[in-house]
Amino acid sequence: MIKFNSSYIAGKEIEYISDTILNGTDYNKKCIDFLSDYNSHIFLVHSCTAALEISALALDISSGDEVIMPSYTYVSTGNAFLLRGAKIIFVDVDQNMNIDLEAVKNAITDKTKAIVPVHYGGISCDMDKLLEIAKNIPIIEDAAQGIYSKYKNRYLGTMGNIGCISLHETKNINSKNGGILLVNDKSLIKKIEKIIEKGTDRIEYLKGNVNKYSWKSIGSSYSMSSLNSAYLYGQLEKSSYIVEERIRIFNKYKEGLNKLIDKNFIEVMNISKCSTHNGHMFFIKLKNEIVRDDLIKFLEKKEIQTATHYEPLHNSKKGKEVGEFVFDDVRTTKDAKRLLRLPLHLNLKDKDIEYIIKRIEEFFHE
Ligand SMILES: *Cc1c(COP(=O)(O)O)cnc(C)c1O
């Protein structure tokens, strides 16, 4: 069976975990130093979900506030703001399944307290346009899938007030579970230092600035554990290779499937000149759900595992209760039903990719 996903082991993860246990080496600091070209204030946290929750706390989101996000996203994007009592305003997506900027513009009211773009598959939203639309409304970038992706030479997650990256096992670079919180709005740093440390000034205490720490604000336990940081450092050291390989596989799919794209059997993402992606995902869109589900079964018989993706949040039980989809659902529901993700990981061999492309062609009698 060709697996849809498979976690890549860079090689030194276990060595570094032993090192931190036996010698107390600070891999948290090593990782943050490694990420220095992000030019942002970085916190390593236990998940991207945590990073999103911290963002909502940092912006003092509360009941009566509205937060705009695409309906086509993971539940954590919604939960983070729902936990603070906000009303979730869902909007439509574009061809790349990124938030529709025209819809965002129309959805803004005087209750809007944050806008949360999701860079789907690590392909950037048009951030300059979004920043212009948002004016003074804070932007939290859900760049969960976007590590090392760029928009016009700027890393995803560094353009909004806060950016959130996931290091979950299913993402390009991982710490098994983990997240990177990028604080770009410097006025939020001190506040977030406390939120992350259970609402205390423990970070000031660790720096030697105070001789004991105490409860100062609302907060929780959000930091990444030392074992996860050690694992992460092993991965980060190989990050250039990991991203290059993924882009190579992505391009191989795109070239190989060109004939089917030209003949309109399938559609794929449209990557603008402004966007340098990280090869996180390769999806195709079929004519409709019936064709998609037939293809899934066909490929399964050929020992190829594929995956659909999100149920739009506004169609889910909870989403209906706590959110509202504003304006037309042109793409979200329809495209969620016809989207299919193909295997993309470093344990995939060239002959596997060629085999997958051949079988998809065979499905269309091409
Ligand atoms: C993976 C993902 C998350 C959650 O990340 P965790 O690190 O597992 O908490 C949130 N949003 C999006 C868009 C994701 O893909």
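The paragraphs below lead through this predicted model, from the ligand and its surroundings to a sheet and a helix.

The ligand is a convenient place to begin. Around it stand 15 residues, and of these Cys 48, Thr 49, Gln 145, Ser 166 and Lys 171 come nearest. When the shell is divided by residue class, five of its residues are nonpolar, eight are polar and two are charged. Several side chains place a polar atom beside a ligand oxygen: for Thr 49, an N or O atom of the side chain is 2.5 Å from an oxygen atom of the ligand, while for Lys 171 the distance between a polar side-chain atom and a ligand oxygen is 3.2 Å. Tyr 310 also takes part, with an N or O atom of its side chain 3.4 Å from an oxygen atom of the ligand. On its own the ligand has 380 Å² of accessible area, and the protein covers 93% of that area.

Among the residues that come nearest to the ligand, Ser 166 can be followed further into the protein. Ser 166 lies in strand 8, which spans residues 162-166, and because its relative accessibility is 5%, where under 20% is the criterion, it counts as buried. Its side chain reaches the backbone nitrogen of His 168 at 3.1 Å. Leaving aside residues up to four places away in sequence, Ser 166 touches Cys 48, Ala 143, Ala 144, Lys 171, Ile 173, Gly 178 and Gly 179; of these, Cys 48 and Lys 171 are also listed among the residues that come nearest to the ligand.

A further element to examine is an open sheet of three strands, which has the order 7-6-10 and antiparallel pairing. Its edges are formed by strand 7 (154-155) and strand 10 (275-276), each of which pairs on one side only. Strand 6, comprising residues 150-151, is joined to strand 7 by two bridges, and these two strands run antiparallel. Within this pairing, Lys 150 stands opposite Tyr 155 of strand 7.

The last stop is helix 9, which covers residues 226-236 and is itself mostly covered, since eight of its 11 residues are buried. The buried residues are Ser 229, Ala 230, Tyr 231, Leu 232, Tyr 233, Gly 234, Gln 235 and Leu 236. The elements that cover them include helix 1 (13-23), helix 2 (27-34) and helix 10 (239-256), together with strand 1 (41-45).

How values were computed: Residues are numbered from 1 along each chain as its sequence is written. This is a predicted model: local features need pLDDT of at least 70, side-chain atom pairs count only at pLDDT 80 or more; totals for chains, interfaces and linings use all residues. Side-chain values use heavy atoms; hydrogens and water are left out. A residue is near a molecule or strand if one of its heavy atoms lies within 4 Å of it. A polar contact is a pair of N or O atoms within 3.5 Å; within protein, one must be able to donate a hydrogen and the other to accept it, and residues adjacent in sequence count only if both atoms are side-chain atoms. Accessible areas come from the Shrake-Rupley method with a 1.4 Å probe; for residues, only the protein chains shown count as cover. Ala, Val, Leu, Ile, Met, Phe, Trp, Tyr, Cys and Pro count as nonpolar, Asp, Glu, Lys and Arg as charged, and the others, Gly among them, as polar. Helices (H or I, at least four residues) and strands (E, at least two) are DSSP runs, numbered from the N terminus. Buried means under 20% relative accessible area, exposed over 50%, partly exposed in between (1.4 Å probe, protein chains only). Contact means heavy atoms within 4.5 Å. Two strands pair if DSSP finds at least two bridges between them.
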